[in-house]
Structure formats: structure tokens, C-alpha cells
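Me: I would like to go through this model step by step. Please keep each answer brief and end it on the value or name I ask for.

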Amino acid sequence: MAFGPASRLGVALFEDTDPIDLWPGHSNEEVETVIISVYKQVLGNAYVMESERLAVPESQLKRGEH
């Protein structure tokens with residue numbers, strides 16, 4: 001089912017963006033890249049204040065509990 005032009009859905013910014021994968025054996029830098037990408041794409045905010053960060057899920061991902 002087609003939803004319509006991406007620009008109408010507000011996802012045009014991400015339609016040409018390559019997906020980011022997190023594979024076993026990932027580095028700390030790769031985890032940080034994924035976390036920043038989630039805040040940017042899913043939550044629509046490239047910069048998140050410390051009080052707005054999702055501390056528990058971030059910590060779980062960093063420990064490999066994903």
C-alpha cells in the first residue's frame with residue numbers, strides 16, 4: 001500500500017539515507033552513531049538535552065542487551 005509522496009509524510013529527509021546496521025562485535029563509536037541516528041530520525045531531533053535522553057535503553061544497547 002502506497003502512502004503517497006515522502007515529502008507529504010515528512011520523511012523526505014530520510015528517503016535517500018542509507019540504513020545504519022549494528023552488527024555483533026560493534027565498536028563504541030558505532031553504538032553512538034546508532035543512538036544519534038535514532039534521536040535524529042525516529043524522534044525528529046538531532047540534538048537531545050541530557051534530561052531528554054533515554055538513559056536505560058541507551059545503557060542496555062551499549063551493554064549488548066538488545
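Reply: One cut-off first: buried means under 20% relative accessible area, exposed means over 50%, and partly exposed lies in between. The model is a predicted one.

Me: Is His26 buried, exposed or partly exposed?

Reply: His26 sits in the loop between helix H1 (6-9) and H2. Its relative accessible area is 22%. Because buried requires under 20% and exposed over 50%, the class of His26 is partly exposed.

Me: How far apart in space are His26 and Gly64, C-alpha to C-alpha?

Reply: In sequence, 38 residues separate His26 and Gly64. In space, their C-alpha to C-alpha distance is 9.4 Å.

Me: What is the order of elements in the protein chain, from the N terminus on?

Reply: The protein chain has three helices and zero strands. Read from the N terminus, the order is therefore written with helix symbols alone, given that count. That order is α-α-α.

Me: What percentage of the residues in the protein chain are buried?

Reply: The protein chain has 66 residues. Taking those with under 20% relative accessible area as buried, the share is 14%.

Me: What arc do the buried residues of H2 cover around the axis?

Reply: H2 (residues 28-41) has 14 residues and reaches 20 Å from its first C-alpha to its last, close to the 20 Å expected. Its buried residues are Val31, Val34, Ile35 and Tyr39. They lie on the same side of H2, because the arc they cover is only 135 degrees.

Me: Which helix do the buried residues of H2 pack against?

Reply: Val31, Glu32, Val34, Ile35 and Tyr39 in H2 meet Glu58, Leu61 and Lys62 across the helix pair. The partner that the buried residues of H2 pack against spans 55-62 and is helix H3.

Me: Are H2 and H3 roughly parallel or roughly antiparallel to each other?

Reply: The axes of H2 and H3 come within 10 Å and cross at roughly 150 degrees. H2 passes H3 in a right-handed crossing. Angles over 145 degrees count as roughly antiparallel, and therefore H2 and H3 are roughly antiparallel.

Me: What is the relative accessible area of Glu58?

Reply: Glu58 is in helix H3. Leaving out residues up to four places away in sequence, Glu58 touches Ile35, Tyr39 and Arg53. Glu58 is classed as buried, because its relative accessible area is 9%.

Definitions and conventions: Residues are numbered from 1 along each chain as its sequence is written. This is a predicted model: local features need pLDDT of at least 70, side-chain atom pairs count only at pLDDT 80 or more; totals for chains, interfaces and linings use all residues. Side-chain values use heavy atoms; hydrogens and water are left out. Helices (H or I, at least four residues) and strands (E, at least two) are DSSP runs, numbered from the N terminus. The expected span of a helix is 1.5 Å times one less than its number of residues. Buried means under 20% relative accessible area, exposed over 50%, partly exposed in between (1.4 Å probe, protein chains only). The arc is that of the directions from the helix axis to the C-beta atoms. Contact means heavy atoms within 4.5 Å. Axes are lines fitted to C-alpha atoms, for helices over the stretch in contact, and angles run from 0 to 180 degrees between N-to-C directions. Angles under 35 degrees count as roughly parallel, over 145 as roughly antiparallel, 65 to 115 as roughly perpendicular and the rest as oblique. A crossing is left-handed if the near helix is turned anticlockwise from the far one by less than a right angle, and right-handed if clockwise.
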